[in-house]
Amino acid sequence: MDQKQMLKQMLEFNQTTFNNAFNTMTLLQDQLEGAAKTMLEQATWLPAEGRQAIKNGTESYKSACQTFKQQIDNSYKQQVEKTFVS
C-alpha cells in the first residue's frame, strides 16, 4: 500500500473519530441544557441575575465549542492540503 494512501486513511479515520466524539459531546450538552432549564424553571428561589449568569455561561460554552470545532476542521484541511497537494 502506498504510504500517502495509508496516511490519508489515517487522517480520515482521525477526523471521523473526532467528529463522532464532538457530536456526542454536543448531544450530551443539549441534554444537560434541557435538564438545567427544567431545574431553573422550578427553582423559584434563584434570582434573575443568577439565571442570566447560567444562560450566559451556556452560550459562552456553546460558542467556544463551535470555535474549537472550526479550528480543528481548518487545521485538518490545511494538513491534508499540505500533505497531498504539495
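**Exercise 1: Lys 62 and its salt bridges**

Task: Lys 62 has a relative accessible area of 33%; decide which class this gives it, and then trace the network of salt bridges that includes Lys 62.

Solution. The model is a predicted one, in which local features need pLDDT of at least 70 and side-chain atom pairs count only at pLDDT 80 or more, while totals for chains, interfaces and linings use all residues. Residues are numbered from 1 along each chain as its sequence is written, and side-chain values use heavy atoms, with hydrogens and water left out.

Step 1. Lys 62 counts as partly exposed, since buried means under 20% relative accessible area, exposed means over 50%, and partly exposed is what lies in between (1.4 Å probe, protein chains only).

Step 2. The side chain of Lys 62 meets that of Glu 33 in a salt bridge, with 2.7 Å from N to O; the term requires a side-chain nitrogen of Lys or Arg within 4 Å of a carboxyl oxygen of Asp or Glu. Because Lys 62 lies in helix H2 and Glu 33 in helix H1, this pair ties together parts that are 29 residues apart in sequence. Helices here are DSSP runs (H or I, at least four residues; strands are E, at least two), numbered from the N terminus.

Step 3. Glu 33 also forms a salt bridge with Lys 37, at 3.8 Å from N to O, and these two residues, four apart in helix H1, are separated by about one helical turn. Glu 33 is buried, at 17% relative accessible area, whereas Lys 37, at 48%, is partly exposed.

Step 4. Taken together, Glu 33, Lys 37 and Lys 62 are linked in a network of salt bridges.

**Exercise 2: The remaining salt bridge**

Task: Establish how many salt bridges the structure holds, and describe the one formed by Asp 73.

Solution. Step 1. The structure contains three salt bridges.

Step 2. Asp 73 pairs with Lys 69, and their closest N and O atoms are 3.1 Å apart. Both residues belong to helix H2, where they stand four residues apart, about one turn of the helix.

Step 3. Asp 73 is partly exposed at 27% relative accessibility, while Lys 69 is buried at 14%.

**Exercise 3: How the two helices pack**

Task: Work out the relative orientation of helices H1 and H2 from their packing angle, and give the make-up of their contact by residue class.

Solution. Step 1. H1 (residues 3–42) and H2 (residues 48–84) pack at an angle of about 175 degrees, with axes 12 Å apart. The axes are lines fitted to C-alpha atoms, for helices over the stretch in contact, and the angles run from 0 to 180 degrees between N-to-C directions.

Step 2. H1 and H2 are therefore roughly antiparallel to each other, the class for angles over 145 degrees (under 35 is roughly parallel, 65 to 115 roughly perpendicular, and the rest oblique).

Step 3. The contact of H1 with H2 has 14 nonpolar, six polar and 10 charged residues, where Ala, Val, Leu, Ile, Met, Phe, Trp, Tyr, Cys and Pro count as nonpolar, Asp, Glu, Lys and Arg as charged, and the others, Gly among them, as polar.

**Exercise 4: Separation in sequence and in space**

Task: Set sequence separation beside C-alpha distance for Thr 26 with Ala 64 and for Tyr 61 with Leu 46.

Solution. Step 1. Thr 26 lies in helix H1 and is partly exposed at 27% relative accessibility; Thr 26 and Ala 64 are 38 residues apart in sequence and 12 Å apart in space.

Step 2. Tyr 61 has its place in helix H2 and is partly exposed at 36%; Tyr 61 and Leu 46 are 15 residues apart in sequence and 21 Å apart in space.
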